Amino acid sequence: MSAPPTPPDRPRLPWDPPEHFEKRVPEGDNRERLICGRCEFIHYQNPKVVAGAVCTWEDKILLARRAIEPRKGFWTLPAGYMELGETTEQAAQREALEEACATIEIDRLLAMYSVARIGQVQIMYRAKLVTPDIACGIESEEVALVDWADIPWDQLAFPTVVWALAHFHESRDKADFSTYSNPTGDLARMWPPRKPAGV
């Protein structure tokens with residue numbers, strides 16, 4: 001089976017597989033992969049790792065309003081794709097700096113979420129701002145330090161932002177707790193976003 005052709009109504013994009021790649025199950029494997037029809041090179045496609053943090057200054061939480069798609073104009077926590085050569089902690093610190101010009105100190109791991117439908121693993125930390133000085137980075141329209149009571153729940157960008165805030169609230173006064181993961185029950189169905197019950 002050959003790779004899907006580029007739709008005729010758009011040009012080829014950088015992430016489209018070359019035309020000599022085809023989808024088939026390699027010998028000894030159990031799923032279709034993109035394989036070079038010339039040299040049999042297998043192009044493995046794996047989930048992306050996202051790192052971020054719930055960052056606080058005193059009792060306020062750092063939020064950033066997205067200036068880019070997806071979900072432009074909605075509020076999020078500083079987070080983004082890891083770069084090669086950095087740790088998850090370094091990635092979370094870099095994202096806070098890039099999105100909110102914020103310098104943070106990682107406290108501890110808060111949660112790890114598997115978002116299979118979009119091929120992501122999201123690692124979220126609990127962190128404190130070194131200073132309250134924040135400003136819009138290139139990917140943010142607005143940044144703010146908000147009280148818990150003022151979180152714009154119905155304007156949050158992604159379900160995992162709701163999950164991380166709920167898990168942060170539950171662990172807020174705990175020095176030791178088990179790392180959170182994908183929630184179940186009502187919290188797992190927080191879409192469209194809204195304030196979870198009991199937080």
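**Exercise 1. Pairing around strand S5**

Task: In this predicted model, determine which strands are joined to S5 by bridges, and how S5 sits in the structure.

Solution.

Step 1. S5 and strand S10 (residues 140-146) are antiparallel and are joined by six bridges. Within this pairing, Leu63 has Ala144 of S10 as its bridge partner.

Step 2. Strand S4 (residues 48-57) also runs antiparallel to S5, with two bridges between them. Here Thr56 is placed opposite Ile61 of S5. The hairpin of S4 and S5 has two residues between the strands, and Glu58 in this hairpin has a positive phi near 55°.

Step 3. Strand S6 (residues 75-76) is joined to S5 by two bridges, again antiparallel. Ala64 has Thr76 in S6 as its bridge partner.

Step 4. Strand S5 covers residues 60-66, and six of its seven residues are buried, so S5 is largely enclosed by the rest of the structure.

**Exercise 2. A sheet of three strands**

Task: Give the strand order of the open sheet that contains S1, S2 and S3, and identify its edge strands.

Solution.

Step 1. The order is S1-S2-S3, and the pairing is antiparallel.

Step 2. An edge strand pairs on one side only; this applies to strand S1 (21-24) and strand S3 (42-43).

Step 3. Strand S2 (residues 33-36) is joined to S3 by two bridges. Ile35 is found opposite Ile42 of S3.

Step 4. As background, the strands of a sheet pair through backbone hydrogen bonds, in a parallel or an antiparallel way.

**Exercise 3. Cysteines and disulfides**

Task: Find how many disulfides the structure has, then examine Cys36 and Cys136.

Solution.

Step 1. Searching the whole structure gives zero disulfides.

Step 2. For Cys36, the nearest cysteine sulfur is that of Cys39, at 3.6 Å. The cut-off for a disulfide is a sulfur pair within 2.5 Å, and Cys36 is in no disulfide.

Step 3. For Cys136, the closest cysteine sulfur belongs to Cys101 and is 7.8 Å away, too far for a bond.

Step 4. Are these two cysteines buried or exposed, on a scale where buried means under 20% relative accessible area and exposed over 50%? Cys36 has a relative accessible area of 5% and is buried. Cys136, at 39%, is partly exposed.

**Exercise 4. Salt bridges around Arg94**

Task: State the number of salt bridges in the model, then trace the network that includes Arg94.

Solution.

Step 1. The count is eleven salt bridges.

Step 2. Arg94 and Glu86 form a salt bridge through their side chains, with an N to O distance of 2.7 Å. Arg94 is buried at a relative accessible area of 18%, and Glu86 is buried at 17%.

Step 3. Arg94 also forms a salt bridge with Glu95, where the closest N and O atoms are 3.0 Å apart. The side chains of Glu95 and Arg94 are joined by a polar contact of 3.0 Å as well.

Step 4. The network of salt bridges links Glu86, Arg94, Glu95 and Glu98.

Step 5. What surrounds Glu95, a residue of helix H1 (residues 88-100)? Leaving aside neighbours within four places in sequence, Glu95 is in contact with Ala51, Pro78, Ala79, Gly80, Tyr81 and Ala100. Glu95 is buried, with a relative accessible area of 5%.

**Exercise 5. A salt bridge between two strands**

Task: Describe the salt bridge of Asp107 and the parts of the chain that this salt bridge ties together.

Solution.

Step 1. Asp107 forms a salt bridge with Arg126, and the closest N and O atoms are 2.7 Å apart.

Step 2. Asp107 belongs to strand S8 (residues 104-115) and Arg126 to strand S9 (residues 120-129), so the pair ties together parts 19 residues apart in sequence.

Step 3. Asp107 is partly exposed, with a relative accessible area of 42%, whereas Arg126 is buried at 8%.

**Exercise 6. The annotated range**

Task: Report the residues that UniProt lists for "domain: Nudix hydrolase", and summarise the chain over that range.

Solution.

Step 1. An unreviewed UniProt entry lists residues 44-179 under that name.

Step 2. Over residues 44-179, the chain is 19% helix and 38% strand. The end C-alpha atoms of this range are 29 Å apart.

Note on methods
Residues are numbered from 1 along each chain as its sequence is written. This is a predicted model: local features need pLDDT of at least 70, side-chain atom pairs count only at pLDDT 80 or more; totals for chains, interfaces and linings use all residues. Side-chain values use heavy atoms; hydrogens and water are left out. Buried means under 20% relative accessible area, exposed over 50%, partly exposed in between (1.4 Å probe, protein chains only). Two strands pair if DSSP finds at least two bridges between them. Helices (H or I, at least four residues) and strands (E, at least two) are DSSP runs, numbered from the N terminus. UniProt positions are given in the numbering used here, feature names are shortened, and annotations may be inferred rather than shown by experiment. A salt bridge is a side-chain nitrogen of Lys or Arg within 4 Å of a carboxyl oxygen of Asp or Glu. A polar contact is a pair of N or O atoms within 3.5 Å; within protein, one must be able to donate a hydrogen and the other to accept it, and residues adjacent in sequence count only if both atoms are side-chain atoms. Contact means heavy atoms within 4.5 Å.
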